[in-house]
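Here is a friendly walk through one protein model, with an eye on charged pairs, a sheet and a patch of surface. Have the structure open as you read.

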Amino acid sequence: WMARGIHTVPGTIDRSVSRPGALNSADLRESLPYLCALDPSAAPAPSLRGFRYFPYSDFAAYQQPRFSFFLKTISDRTLATESINGENLKGHLLNSGDGYIIQTGNEYFNLMPVWNWNKLPGVTTYDGATRIDRRAFTGSVGDGQNGLTVMDYALSGTSGRKLTARKFWGCHDGLVVCLIGGIRDSTPRDGGIPANGQSPRDGGIPTNGQSLRNSGIPAPYTTLDQCRWAGAVTVGRKGSESILHEGDHHLDSVNWFWHAGVTTLFLQPAHLDIQAGAASGSWSSINTSGSKTTITENTFTPVLLHPHDSAAAYILTAGTTLNDARSLAGHLPCQVIRNDQDIQAIRFADGMIMAAFYSPGALRLTQTQKISVDHPCLLLISAKTTCVSDPSRQSQTITVQLNHTTHTVHLPADGTTVKLL
């Protein structure tokens, strides 16, 4: 579940990622016959498909025929990344909600020496952040085929600046829906003043892209990916399309973009900085025993900028053509019901609902439909079943009301899913 073929991701191997060839270390072909002989009943299926969460390592995997998505979160129950024995010298934000899409296995292979380690795929941060602050409310709910993962998110740095948010990844129907709600950016007291003269507490970082880039305190951002650049990038905005080639691009009002089979859709127009081109580095820069020879690779790094006290929502999918991307952009496959500090929830086109309650409360679905809970929890609701879990792992009994039906259930302290129906 933690690999696609022989390929894996940094979230499964920690500091080993600073060793050449490590991302192809998941080659189990020689071992599989022996493992099958030990337990014939567990012989592997032809391929994996669905959602799996590993609660003791805060790791989630979504396996699809066209791609695999791997997500490594962190909580106060799991340890931060290792940086010892001269290895993983720059990985201070590794395992902080970084997510990777693999189709061929070439997307990230041996890119680590040239990576900008402040911009790990999927991580929400700011320039100067040095540490993930681990919190309790991190976990998943899933039914085997679909799943929701959340992370109560906090980063800090030596300047005193702190960034907090609620992060949400919903996996269903070949899509990964990412919500970032309740973004709060506490700037250092001696920091600069944004270009419009207001302090951040007064609404300070404006919502237009140019001001976001030029303000005295740079805006927080989410790196959408940092992979191998594989050709032209098509960007859709304001009813038009453009093709990006090598260089640094600063774009506003972006609705979607497509690169190397991966489609990224924004549920509201986005401010992006996109870098495409050569990057250089050496293995010795991340591992003292590594080669000092400079290597150069072509990388693709799209970055989503966040206005102060804002929220964001975007969709990832892969194995798509450019026409697929256009079609998805014309008919968005899901709807955000709510995305804030207290509740994050989405509804897919087939009616599936995923919701994260960070506090007791109620979620209005329609004029006549609502969900209410008396404790924080995660819910996955489909036509066939309703699943619930407790990411904070309090081993508590909760009451869930779905319209006029009330369910009382005891949730285990290991964060695993319980089916109500």
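Glu297 counts as partly exposed, at 23% relative accessibility. Bear in mind that this is a predicted model. The partner of Glu297 is Arg228, and their side chains meet in a salt bridge at 3.4 Å, N to O. Arg228 belongs to strand β12 (residues 227–228) and Glu297 to strand β17 (residues 295–305), so the pair ties together parts that are 69 residues apart in sequence. Arg228 is buried, because its relative accessible area of 16% falls under the 20% cut-off.

**Other salt bridges**

A search of the whole structure finds 14 salt bridges. Three of the pairs are set out below.

| Pair | N to O distance |
|---|---|
| Arg29 and Asp27 | 2.7 Å |
| Arg228 and Glu297 | 3.4 Å |
| Arg393 and Asp58 | 3.9 Å |

Which parts does the salt bridge between Arg393 and Asp58 tie together? Arg393 lies in the loop between β25 (386–389) and β26, while Asp58 lies in the loop between β1 (50–54) and β2 (59–63), so the pair links parts that are 335 residues apart in sequence. Both Arg393 and Asp58 are buried.

Now look at Arg29 and Asp27: are they buried or exposed? Arg29 counts as exposed, because its relative accessibility is 59% and the cut-off is over 50%. Asp27, at 34% relative accessibility, counts as partly exposed.

**The sheet**

Next, find the four strands that form an open sheet, in the order β22-β23-β26-β27, with antiparallel pairing. At its edges are β22 (361–364) and β27 (405–410), each of which pairs on one side only. From one strand to the next, the twist averages 15 degrees. Strands of a sheet pair through backbone hydrogen bonds. Strand β26 (residues 397–402) pairs with β27 in the antiparallel sense over six bridges. To find your way along this pairing, look for Leu402, which stands opposite Thr405 in β27.

**A nonpolar patch**

Finally, turn to the surface, where Leu28, Leu32, Leu35 and Leu38 make a nonpolar patch of about 390 Å². Leu38 is found in helix α2 (residues 32–38). With a relative accessible area of 71%, Leu38 is exposed.

How values were computed. Residues numbered from 1 in each chain as written. Predicted model: local features only at pLDDT ≥ 70, side-chain atom pairs only at ≥ 80, totals over all residues. Heavy atoms only, no water. Pairing = 2+ DSSP bridges. Helix = DSSP H or I, 4+ residues; strand = E, 2+ residues; numbered from the N terminus. Axes fitted to C-alpha atoms, helices over the stretch in contact; angles between N-to-C directions. Patch = residues over 30% accessible without salt bridge, like charges linked within 9 Å, V, L, I, M, F, W, Y side chains within 5 Å. Areas by Shrake-Rupley, 256 points an atom, 1.4 Å probe, with all protein chains shown as cover. Salt bridge = Lys/Arg side-chain N within 4 Å of Asp/Glu carboxyl O. Buried < 20%, exposed > 50% of the residue type's maximum accessible area, 1.4 Å probe, protein only.
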